[in-house]
Amino acid sequence: MSKVPDLAKRLLLGRALSSSQQHEQLLPKRIALPVFASDALSSVAYAPQEILLALGAGGLVMYHYTPWVAAAVVVILLTVVASYRQNVRAYQSGGGDFEVATTNLGDNWGVLVASALLVDYVMTVAVSVSSGVENLGALLKFMQPHEVAVAIAMVVLLTLANLRGLKEAGFAFAVPTYLFMFAIGSMLLWGGLRLVAGADLQAETAHYEIRGDEADVAGFALVFLLLRAFSSGCAALTGVEAISNGVPAFKKPKGDNAAKTLLMLGVVAMTMFGGVTAFAFITDAKFAEPDQGSQLIDPSTGKAVQDADPVIAQVAHTVFSNFTPGFALVTAMTALILFLAANTAFNGFPVLGSVLAQNRYLPRQLHTRGDRLAFSNGIIILATMAGLLIYAYDASVSRLIPLYTVGVFVSFTVSQVGMVRHWNRLLATEGDAAQRRRMKTSRGINAFGATLTGVVLIVVLITKFALGAYIVCIAMPVLFLLMRGIRRHYDRVAEELVPSGEDVALPARNHGIVLVSKIHKPTLRALAYARATRPSSLEAVTVAVDAQESQRLQDEWDALDIPVPLKILDSPYREITRPVLAYVKGVRRKSPRDVVTVFIPEYIVGHWWEQLLHNQSALRLKGRLLFQPGVMVTSVAWQLQSSDRLKGRQEPPGPGASRRPPRAAADARPGGGSVSDRD
């Protein structure tokens, strides 16, 4: 690698880390909480808003159901947290739901869960970053026309931060996450004190009216609307599963530390989500979007309001109406935590991709760690997919949310069913009474979790399908089939490569063929190298595209007395590749037990544009010859001076690199060619 790109890489990503330093990248609980929980915690910024948005389709009267919908979401949140505490103690390799499903339910269920999680991680980045830009726009109005560009720029920054390595990213994100928790906690505490003191807290949208497309709903329509609001609020649960995929990143004891972090996550997320939703209800905060079936109307003018701030910003503005720095802190930290919440996916997606690659469901490159011991390929793929999604949906949170919760509840449900099977298997062989009681308790928690998340999954599919969830329902099967196809390919290759008795048999003879276009230094080096390998027979082959040039080549060949016979292949249609292939196949047909080694002189250049000017015929030939059985292809490199820039310094001549210039034709003598018998 040249010095300039290497220097840029070091400046962006830091110095390379050796494999022995991997233990230094493990996280204590105080860092693991913000690294893995930022996604779930940041949902406070949009989950309450999504509940109000869904209820608004039924008009203002539906807002009275807000506390009940929020309470149902909290029950699901605590159930999922309790269930996953069993998961992380039992499975600590980082496979998470994929490992649980594969081990207990079979490979197909594991791949289904993996496809759901991969989709969900991409959605996490897209939704979190888009919501962060939306909240930042409430503070900095000039950014609103450029939301897509800002969102994509934030994805790039997050990518660079994670490519530097997990531990450094963890420290970078710990402070903002804790500041966000402090800001929301202070807002809830200050708002509570003001309510106790008798303050009348009214949001800036409290006097607006809500006009919904489904006003005066009743019966089944009412139930459907409530279920849609509940499924929208369940966005608060996304991110909980990331800890189960990130268990290897915890310090020992990994399982216990991950379980404690999950408990902390559950308590904090429940408090923040419940508190923000309660204050949104108390202050009469309203939010609507025409695309989602509701509009905010200013009764004084009768016109629709298009620029209402996000719900959490409205609550902060109301609570801190007598303390502006508090409002600024909440707004800024909310925008920042939403940007950083995508870090949960940047930690979970690459680890899951690595586990899938180990199991041959994804390309092996996803299991490779980069210079900074991060799974660089997985990070880059995640960033690319999320960026494309942000661009396609114009960084609109309301359009992205319907796609969000399907994947995570598929993984929740399948994982918990797998854990029930896990405990059943252990109970069948466990004789200790105390251990059996503990296992039965864990099984009961996982069974309850599986039932509840299964019901929620059905609700999400029914209520969100037409709003965009159908795209996820298409993407998951496509990913499933793709991963199964990759696994079949790797299995087939592994089966083909199993050694057998015939594979170790030596070929009868080795026929060497050196491809020649003209007599120059690369050709002479290829001839010398081919002779040094001592094949059973050796000949040079050229294609007669132009009869006069071929004759000149033969004359020069004879004049230099090169001790290798030259074979000229006729090509009436001026092709090069086809005559060479036909000749090589003919040699193979005459001696099927022999091998043919084709030596191809090849230039090594230092600039990409030089590659376009050289080696094109060689590449075409090589590509065709590699598919011929019993044919070996050897590239004999000749480094042009421009390639020195890639070495960083001029390489000193090696033994035999300097040769006498070829004799003139008049001085030639038999056996005294430019390629001597000693070469």
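**Close-ups of a five-stranded parallel sheet**

**View 1. A right-handed β-α-β unit is built from β5, helix α19 (residues 547-560) and β6.** This is a predicted model, so keep that in mind for every panel here. Strand β5 covers residues 537-544 and strand β6 covers residues 566-570; the two pair in the parallel sense, with 5 bridges between them. To find your place along this pairing, look for Thr-542, which sits opposite Ile-568 of β6.

**View 2. Zooming out to the whole sheet, we get 5 strands in the order β6-β5-β4-β7-β8.** The sheet is open, and its pairing is parallel. Who ends up at the edges? Those spots go to β6 and β8 (631-639). Each has just a single partner strand, so one side of each goes without a neighbour in the sheet. Ignoring direction, neighbouring strands are turned by 30° against each other on average.

**View 3. Here we look at β4 and β7, a parallel pair held in register by 5 bridges.** Strand β4 takes in residues 510-515, while β7 spans residues 595-604. One handy marker is Gly-512, whose bridge partner in β7 is Thr-597. Helix α18 (residues 521-532) packs on the sheet as well, touching β4, β5, β7 and β8. Its direction makes about 135° with that of β8.

**View 4. Helix α22 (residues 616-625) lies across three strands: β4, β7 and β8.** Against β7, helix α22 runs at about 155°. Compare this with the previous panel: β4, β7 and β8 are also among the strands that helix α18 touches.

Methods: Residues are numbered from 1 along each chain as its sequence is written. This is a predicted model: local features need pLDDT of at least 70, side-chain atom pairs count only at pLDDT 80 or more; totals for chains, interfaces and linings use all residues. Side-chain values use heavy atoms; hydrogens and water are left out. Two strands pair if DSSP finds at least two bridges between them. Helices (H or I, at least four residues) and strands (E, at least two) are DSSP runs, numbered from the N terminus. A crossover is right-handed if, with the strands pointing away from the viewer, the path from the first strand over the helix to the second runs clockwise. Axes are lines fitted to C-alpha atoms, for helices over the stretch in contact, and angles run from 0 to 180 degrees between N-to-C directions. Contact means heavy atoms within 4.5 Å.
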